[in-house]
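Me: I have a structure open and would like to talk through how its pieces pack together. Could you take my questions one at a time?

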Amino acid sequence: MIQLIFLLALLLCLIPLIPGIIGLILPAFSWLPPLGHQTPRLSAFTTVIHWSGLGESILLSLFTGLGSTILALLFTFTILQRYWDSEGWRRLERTLSPMLAMPHVAFAIGFAFLLSPSGWLYRLLETVGIPTGQAFSLIQDPYGIGMMLALAIKETPFLLMMSIPVLQQLQTARLLTVATSLGYSHRQSWLTVIMPQWLPLIRLPLFAVAAYGLSVVDVALIIGPTRPTTLAVLIWQWFNEPDLHLLPRAASGALLLLWLTALTLLLMRLCEHALVRGWKSWQLNGARAHRHRRLNAFRLFRCPAPISASKNYASSSMASSSTTGLGLYWPFVAIPVLVIPVLAVWSVALRWRFPDLLPSRYSLRFWQQEILSLFELASNSLTLALASSLTALILAIGCLEYRQQTQRGLPIWLIATPLVVPQLSLLFGVQIATYLIPGQHYWLWVYWSHLFFVFPYLYLTLDGAWRSYDIRLDQCSRSLGMTTWQTWWKVKRPQVQPAMIMGLAVGISVSLAQYLPTQMLGAGRISTITTEAVALASGQDRRVSAIYGLIQGSLPFFFFTLAFVANRLTSHYRHGRPYTRSTLADDTVCGKPHYK
């Protein structure tokens with residue numbers, strides 16, 4: 001049974017790649033026999049290359065994608081350096097799950113309502129007497145600065161979460177103690193000792209963030225630049241052309257996006273190698289060289305030398321980092337936390353004049369007119385999310401059990417492919433391949449695509465629990481007469497159940513956030529909360545957009561809360577109930593005593 005599940009998971013990861021690549025390359029060379037294109041040509045590439053504004057779209061994609069990745073990396077490292085293993089970090093860690101539960105679409109809609117020229121920030125500035133008539137807007141600005149900041153803020157909690165097991169594996173407390181004994185300050189220790197080891201270990205999450213930033217469509221449609229647009233949005237517009245004979249142009253653009261993403265990830269890998277492995281002088285010069293550089297910099301600007309340059313710098317820095325609050329982290333909590341209230345207020349606002357902080361009249365009229373559509377869309381979203389997540393959970397457990405038994409598992413590059421390959425490029429080829437299959441199986445294709453993108457997240461979520469599980473517990477239970485199934489259910493399942501419940505919540509939230517798979521493979525016939533939220537966010541009534549954004553953001557948060565409560569209850573049940581002697585088990589093993 002385990003072998004069968006492993007083979008199914010292997011086919012799940014491999015099958016979409018083959019039609020995805022073939023179905024992308026052949027149309028890019030204008031080979032589409034159903035449309036009469038039976039001779040390969042390069043005309044589509046020529047059209048794409050000479051497209052007006054293509055260079056600006058590529059530069060915008062690189063600026064927003066790479067810029068958001070670099071900012072998220074800097075934010076993550078700064079926060080870790082400041083708060084790791086302190087009282088502030090324990091408070092910070094409790095906020096990561098709610099931040100991750102917020103989907104990108106709901107966050108983008110709330111971000112737009114918060115920072116648009118008529119948003120809460122500008123209303124607050126007008127209230128305190130600061131005029132905002134000529135203020136620069138971060139929503140759909142021509143340079144993509146707002147989109148870059150939104151992506152960086154949204155991805156920072158993800159990188160923080162991915163850094164937790166890495167830093168625990170590195171044993172940072174011991175490394176900091178050794179570095180401090182050698183004269184390094186707290187900042188120098190993080191920069192020269194921990195960072196060169198931490199950066200290669202978060203390479204895969206960093207690649208996923210960069211690939212998403214380069215190829216994102218839904219967030220770019222809501223808050224991204226419009227003239228010109230990013231490359232992904234431009235290709236999406238080509239793909240939606242009603243004339244099917246223009247598909248080769250869209251395929252060529254999707255292939256260009258794939259190559260652009262691959263070259264960007266290669267460039268990031270080379271920069272990492274040059275920084276960590278190639279150029280080592282900054283790591284080996286010692287604490288005195290770092291301190292001299294800092295003092296020279298302060299002398300250059302005629303500033304007094306900081307107290308941190310003295311002998312007691314390490315102790316004072318560590319003390320300050322552990323006693324200060326979460327001042328550095330508050331924007332990453334405040335902005336996502338304000339998204340839900342902003343959406344809630346806008347959903348019931350009937351009259352809201354600028355610059356009033358709150359509406360002057362409220363109404364539930366927009367909820368009443370959308371309630372029937374919300375039920376239908378929510379049922380579609382939840383059905384797809386539960387079906388794909390439960391299937392992915394079974395497949396992930398089977399793959400991890402197979403790896404534990406045979407020491408052979410799925411290659412990491414195969415698991416990471418859906419995370420680092422642009423969705424638009426991969427799904428374009430898959431959709432072309434589905435055209436060759438007779439019948440209208442749209443729900444099946446959407447379910448398959450959700451499963452394909454949910455499985456890697458679930459597998460990586462459960463991987464740590466399976467690696468930390470002590471296999472000797474299985475050996476002991478088997479020696480006491482338990483079968484394989486009894487061992488897994490009674491011994492192993494209670495140990496890994498918290499990870500399974502949290503992984504299920506992660507899978508559901510990933511499925512609920514899928515826009516391109518639902519829109520492309522569903523051919524517009526399967527609508528979800530996410531697809532409607534993106535469609536309504538671009539020009540419709542703000543009240544209706546707020547309703548769909550609020551529902552889309554609340555559903556993942558509900559499942560994360562449910563997972564947290566379930567883990568707390570099961571933990572209390574296992575560890576909090578009083579011990580009762582099992583008479584049947586004791587009598588079977590030791591024999592029933594006879595007293596006279």
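Me: At what angle do the axes of helix α7 and helix α8 cross, and are the two parallel or perpendicular?
Reply: Happy to start there, and keep in mind that this is a predicted model. The axes of α7 (residues 104-115) and α8 (residues 120-127) come within 4 Å and cross at roughly 20°. Angles under 35 degrees count as roughly parallel, so α7 and α8 are roughly parallel to each other.

Me: Which residues of α8 are met by Phe113, Leu114 and Leu115 of α7?
Reply: Two names here turn up again in a ring cluster: ring pairs link Phe113 and Trp120 with Trp346 and Trp352. On the α8 side, the residues that meet Phe113, Leu114 and Leu115 are Trp120, Leu121 and Tyr122.

Me: Which helix gives the most residues to the largest nonpolar core?
Reply: That core has 151 residues, and those touching the most other members are Trp198, Ile223, Phe428, Phe455, Leu462 and Trp466. Apart from it lies another core of 5 residues, including Ile508 and Phe559. The helix that gives the most to the 151-residue core, with 14 residues, is α23 (residues 442-468).

Me: How are the rings of phenylalanine 455 and tyrosine 459 arranged: stacked or tilted?
Reply: A search of the whole structure finds 21 aromatic pairs. In this one, the ring centres of phenylalanine 455 and tyrosine 459 are 5.9 Å apart and the planes stand at 45°. Planes under 30 degrees apart would count as stacked and over 60 as edge-to-face, so at 45° the pair is tilted.

Me: Why are phenylalanine 455 and tyrosine 459 separated by about one helical turn, and are they buried or exposed?
Reply: Both residues belong to helix α23, and because they are 4 residues apart there, about one helical turn separates them. Buried means under 20% relative accessible area. Phenylalanine 455 is at 0% and tyrosine 459 is at 3%, so phenylalanine 455 counts as buried and tyrosine 459 likewise counts as buried.

Me: How far from the ring centre of tryptophan 489 is arginine 493?
Reply: Arginine residues over rings occur at two places worth a look. The charged end of arginine 365 sits over the ring of phenylalanine 366, 4.9 Å from its centre. Arginine 493 lies over the face of tryptophan 489, and its distance from the ring centre is 4.2 Å.

Me: How many of the 9 residues of helix α14 are buried?
Reply: For the protein chain of 596 residues, 48% count as buried. In α14 (residues 231-239), the buried residues include Leu231, Trp236, Trp238 and Phe239. The helix is largely enclosed by the rest of the structure because the buried count is 8 of the 9.

Me: Which residue is joined to proline 228 by a cis peptide bond, and what is omega?
Reply: Proline 228 lies in the loop between α13 (218-223) and α14. Another cis bond joins phenylalanine 354 and proline 355, with omega about 10°, and proline 355 lies in the loop between β1 (349-351) and β2 (361-362). For proline 228, the partner is arginine 227, and omega is about -5°.

Me: What is the phi of glutamine 140, and where does this residue lie?
Reply: Most residues other than glycine have a negative phi. Glutamine 140 lies in the loop between α8 and α9 (145-170), and its relative accessible area of 36% makes this residue partly exposed. Although glutamine 140 is not a glycine, its phi is positive, at about 55°.

Technical notes:
Residues numbered from 1 in each chain as written. Predicted model: local features only at pLDDT ≥ 70, side-chain atom pairs only at ≥ 80, totals over all residues. Heavy atoms only, no water. Core = buried A, V, L, I, M, F, W, Y, C linked by side-chain atoms within 4.5 Å. Buried < 20%, exposed > 50% of the residue type's maximum accessible area, 1.4 Å probe, protein only. Phe/Tyr/Trp six-rings, centres within 6.5 Å; stacked < 30°, edge-to-face > 60°. Lys NZ or Arg CZ within 6 Å of the ring centre and 35° of its normal. Axes fitted to C-alpha atoms, helices over the stretch in contact; angles between N-to-C directions. Parallel < 35°, antiparallel > 145°, perpendicular 65-115°, else oblique. Contact = heavy atoms within 4.5 Å.
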